[in-house]
Structures are given as C-alpha cells and as structure tokens.
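Subject: Structure handover

Hello,

Here is the structure you asked to take over. My notes on what was found follow below it.

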Amino acid sequence: MINRRQLLASSAAVAAATSMPRAFAATYDLVIKGGRVIDPSLGLDAVRDVAIARGKIAAVAENIAGDAADTIDAHGKIVTAGLIDIHVHAGRSKDGPPMLLQDGVTGWVDAGSGGADNIDHVAAIARGAPQIGRALVNIARTGVTSGGELMDINAANVDLARGAVLRNRDIVVGIKARLSNNVAGTNDLEALRRAQAVAEPLGIPVMIHIGQSYSPLRAILPLLKRGDIVTHMYAPAPNGILDDNGRLIADVAAARRRGVLFDFGNGVLDHFNWDSIERATKQGFWPDTFSTDWNTQSRTTGVVDFPNIMSKFLMLGMPLAQAVACATVNAARVFPAFDDRGTLNVGAPADVAILELREGAFEFLDNYKGTRTGHQRLFPIASVFAGKRTPPRA
Ligand SMILES: [Zn+2]
C-alpha cells in the first residue's frame with residue numbers, strides 16, 4: 001500500500017524530473033505551533049511546537065523549521081497528549097465517540113454498559129469509533145439496568161461473562177461490577193468474587209463502582225488485586241472512603257499502597273458531593289485518574305465534558321500538570337491498550353488535545369445540586385487523533 005507521504009514524495013520526484021515547478025512535499029503532515037505544551041510523562045511544561053508525521057509525534061521543540069502540510073496556531077492555548085477517559089458509556093450509540101473526540105478525548109473505556117447479552121453491540125460501536133474505544137464487560141449479563149442489574153445474583157454468570165471477553169478480546173479490557181445497594185442489594189461481595197473469577201485467570205482488571213453499598217469497604221477492598229480500579233472514589237456514605245468523623249479509612253490507604261487505583265467518576269447521581277471530595281483531598285487523597293461517567297446526554301448535566309472535570313480539580317487546588325497527568329499518562333497506564341499513549345514523546349501515536357484555560361467565574365456542580373465557583377475553566381479547542389485533526393465542537 002502506498003501512503004500519502006510516499007505519494008507526495010513520488011509526485012515531487014516526477015515534478016523535479018520533468019522540470020515542472022516543484023510540487024509541495026512537506027516535511028511534516030501537521031505542526032501545532034506555539035502552544036504551552038504540558039506533558040507530565042516528559043516533565044515538560046513550556047512553549048513548544050509539536051510536529052507530526054505519518055500519524056506519529058515527529059518532534060517537540062522550539063520553533064520547528066520545515067514545512068508542514070497543515071498547521072494549527074496554538075498560541076495562548078494548552079497542548080497535551082489526547083485525553084483518556086476510563087469510565088464512560090460511549091458504547092451505547094454510535095453518536096457518542098465522535099462527540100467525545102470533539103472534547104479532546106482520544107481514548108475511552110465504556111465501563112459496563114454491556115454484559116454478556118449485549119457487549120457485542122458495545123464492541124461494534126468501539127470498533128467503529130474515530131478514536132481508541134475499549135470496554136469493560138459488566139459481570140451482570142444484562143449490562144447496566146435502571147432496576148439494578150445484580151439484584152438477582154444469577155445475572156452474574158461467570159461462564160457467560162468469560163465468553164463475552166473471549167469473543168471480543170480486541171475491545172474488552174476488563175470487568176465492571178456496580179456494587180451500590182440500589183444495583184446489587186446484598187449481592188455486592190458475591191458479584192465481585194464472580195467478577196474476579198472471570199478477570200483473574202485472564203489477567204485483566206476489575207473496575208468496581210462504590211458508594212452506598214450494603215457491605216463496608218473493609219470487606220470489599222480485600223477482594224481487589226493490584227491494578228484493579230475503584231471508580232466513584234468520593235462517593236458519600238454509607239460505605240464511602242471516609243469514616244463517621246470524616247477521616248480517610250485505613251483500608252483505603254492500604255489498598256492504594258498495594259496498587260489498587262482510584263478513579264474520580266463524576267457521574268450524575270450519588271457519586272460525589274463537595275464535602276466528601278474536599279475532606280478527602282485535604283487529607284491528600286487525590287485521584288489516580290479522572291473520568292466523567294459520560295453519555296450522550298452529559299453536555300447538559302454537571303459532567304459537560306472531560307476538560308470541565310479537570311477544571312473541578314484545579315478549583316480544589318490540584319496543580320495543572322497533575323490534572324493533565326490524571327487525564328493522560330496515568331489513565332494510559334491503567335490498561336495495556338493505551339500503553340504507548342498519554343504522551344507526546346517522539347514516536348508515540350499523534351493523539352493531541354488542544355485546550356484553552358480561561359480565567360473568570362465558572363460554576364461547577366456536584367451530584368447533589370451543590371455548586372462551587374472556580375476562577376479557571378479548561379475548554380476543548382481542537383483534537384488530533386493519529387495525526388488527523390478533528391472538526392471542532394459547534
Ligand atoms: Zn458508569
């Protein structure tokens with residue numbers, strides 16, 4: 001197969017050979033000029049150009065010379081690796097993934113929309129996505145249901161869930177179990193054991209959704225292995241990460257020490273309030289990763305978009321570079337599918353988010369109609385996936 005660069009090169013050769021005016025043969029396919037490049041994987045926070053060729057990062061340097069087929073003027077903007085959102089529900093409809101790409105999200109994981117009965121539909125959406133889409137299989141064969149997919153423990157069928165993983169190995173990267181009382185009732189621990197019975201032999205992680213569960217975290221967390229993920233980490237009581245006095249419970253700190261990962265998971269209902277998040281972060285308990293729990297309705301809820309979630313943590317006092325890390329390299333490290341992403345290192349796939357950090361008064365929402373006003377908000381400006389720029393959001 002001949003690619004576009006080879007084509008350009010050969011047309012240039014023809015032009016030279018026939019003494020015609022020289023055809024345009026660019027050094028780079030795209031150069032993003034003059035943005036503030038923040039890449040925690042490289043320890044970089046400086047004004048740089050980012051050059052892209054053949055879908056990869058070709059150079060990150062000051063004033064890159066050499067002509068480009070296309071340029072983006074990023075002066076006054078922030079340039080990061082493409083954002084990776086590890087808890088979304090973008091696999092429900094084919095409209096979701098293009099919307100996420102406009103928000104700067106170049107990689108996503110659908111977290112349990114589908115179980116054994118319907119994961120093939122989610123996987124098909126992921127395969128057709130304009131960026132990297134992956135999925136967690138819900139341990140309940142129905143996937144997420146409004147009545148609570150684990151109320152009948154027979155829905156958590158290990159053989160069916162294993163089959164669902166094995167026939168979608170290109171897309172499925174883990175297992176999801178929602179453990180809240182209104183999802184699992186008294187079945188939370190047994191559902192998690194069954195999730196591990198699928199995940200452990202396959203060497204893939206389990207993501208659990210915590211908060212308002214029947215069992216306390218001191219019973220739940222020991223069932224997690226290194227690399228497993230706790231989402232909705234700041235879910236209020238009962239059975240959140242804080243004790244009755246608002247102190248981080250020892251089991252949570254111990255779980256983090258042995259490699260269990262903690263993910264924000266904004267969502268809409270019951271997943272965090274300002275009090276729980278402020279108490280936990282004041283004790284130094286920050287997320288490893290952000291995530292939105294996004295769906296196609298999210299632009300009109302407290303989620304809005306991934307940069308909005310990043311902005312909530314800026315308001316809470318997280319340094320910008322750390323917020324970028326939670327949205328890029330940290331997320332890339334959770335799943336091997338994102339191994340070479342979340343970075344602008346030379347040679348990496350050219351997935352880039354261009355954001356704008358605006359100053360002003362911005363209102364942010366928790367899941368209980370609580371508002372806080374921050375003075376900075378990141379906005380998505382443009383996205384590049386595998387070297388190709390995406391039309392901006394209308
Ligand atoms: Zn979710």
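Is Arg162 buried, exposed or partly exposed? Arg162 is partly exposed, with a relative accessible area of 30%. Please keep in mind that this is a predicted model, and every value in this email was computed from it.

Arg162 is a useful place to start, since its side chain meets that of Asp159 in a salt bridge, 3.1 Å from N to O. The two residues sit 3 apart in helix H4, which covers residues 158-166, so about one helical turn separates them. Asp159 counts as exposed, at 57% relative accessibility.

The overall picture

The protein has 12 helices and 15 strands. Its C-alpha trace spans about 80 × 45 × 35 Å along the principal axes. The radius of gyration is 22 Å, which agrees with the value near 21 Å that a compact globule of 394 residues would have. Of those 394 residues, 57% are buried.

Much of the contact count comes from residues far apart in sequence. Among contacts with a separation of 6 or more, 71% are between residues 24 or more positions apart. The accessible surface comes to about 15900 Å², and carbon and sulfur atoms hold 52% of it.

Charges and salt bridges

There are 41 positive and 39 negative charges, and their mean positions lie 3 Å apart. Side chains of opposite charge can pair when their charged atoms come close. In this model the count is 20 salt bridges. Besides the pair in H4, these are the ones I noted.

- Arg36 and Asp45 form a salt bridge, with 2.8 Å between the closest N and O atoms. Arg36 is partly exposed at 33% relative accessible area, and Asp45 is partly exposed too, at 40%.
- Asp305 and Arg377 form a salt bridge whose closest N and O atoms are 3.1 Å apart. This pair links distant parts of the chain, 72 residues apart: Asp305 is in the loop between helix H9 (274-282) and helix H10 (306-315), and Arg377 is in strand S14 (residues 371-385). Both Asp305 and Arg377 are buried.
- Glu190, Arg193 and Arg194 are joined into one network by salt bridges that share partners.

Backbone points

Most residues other than glycine have a negative phi, and most peptide bonds are trans. Three places in the model are worth listing against that background.

- Val304 is not a glycine, yet has a positive phi of about 65°. Val304 lies in the loop between H9 and H10, the loop that also holds Asp305. Val304 is buried, with a relative accessible area of 19%; the cut-off for buried is under 20%.
- Gln212, also not a glycine, has a positive phi of about 55°. Its place is the loop between strand S10 (206-209) and helix H7 (217-220). Gln212 is buried, at 17% relative accessible area.
- The peptide bond from Ala237 to Pro238 is cis, with omega near 0°. Pro238 is in the loop between S11 and H8.

Two loop residues

Which residues does Ala235 touch, leaving aside its neighbours within four places in sequence? Ala235 is in contact with Ile210, Gly211, Gln212, Gly240, Ile241, Asp270 and His271. The list includes Gln212, the residue with a positive phi of about 55° described above. Ala235 is in the loop between strand S11 (229-231) and helix H8 (250-257), the loop that also holds Pro238. At 3% relative accessibility, Ala235 counts as buried. From Ala235 to Ile210 the C-alpha distance is 6.7 Å, with their positions 25 residues apart in sequence.

Ser93 is in the loop between strand S6 (83-88) and helix H2 (96-102). Ser93 counts as partly exposed, at 24% relative accessibility. With neighbours within four places in sequence left aside, Ser93 is in contact with Ile125 and Thr296. The C-alpha atoms of Ser93 and Ile381 are 24 Å apart, and the two residues are 288 apart along the chain.

Regards

Technical notes:
Residues are numbered from 1 along each chain as its sequence is written. This is a predicted model: local features need pLDDT of at least 70, side-chain atom pairs count only at pLDDT 80 or more; totals for chains, interfaces and linings use all residues. Side-chain values use heavy atoms; hydrogens and water are left out. Helices (H or I, at least four residues) and strands (E, at least two) are DSSP runs, numbered from the N terminus. The radius of gyration is taken over C-alpha atoms; the globule rule is 2.2 Å times the number of residues to the power 0.38. Buried means under 20% relative accessible area, exposed over 50%, partly exposed in between (1.4 Å probe, protein chains only). Contact means heavy atoms within 4.5 Å. Accessible areas come from the Shrake-Rupley method with a 1.4 Å probe; for residues, only the protein chains shown count as cover. Lys and Arg count as positive and Asp and Glu as negative; His and the chain ends are not counted. The place of a charge is taken as NZ of Lys, CZ of Arg, CG of Asp or CD of Glu. A salt bridge is a side-chain nitrogen of Lys or Arg within 4 Å of a carboxyl oxygen of Asp or Glu.
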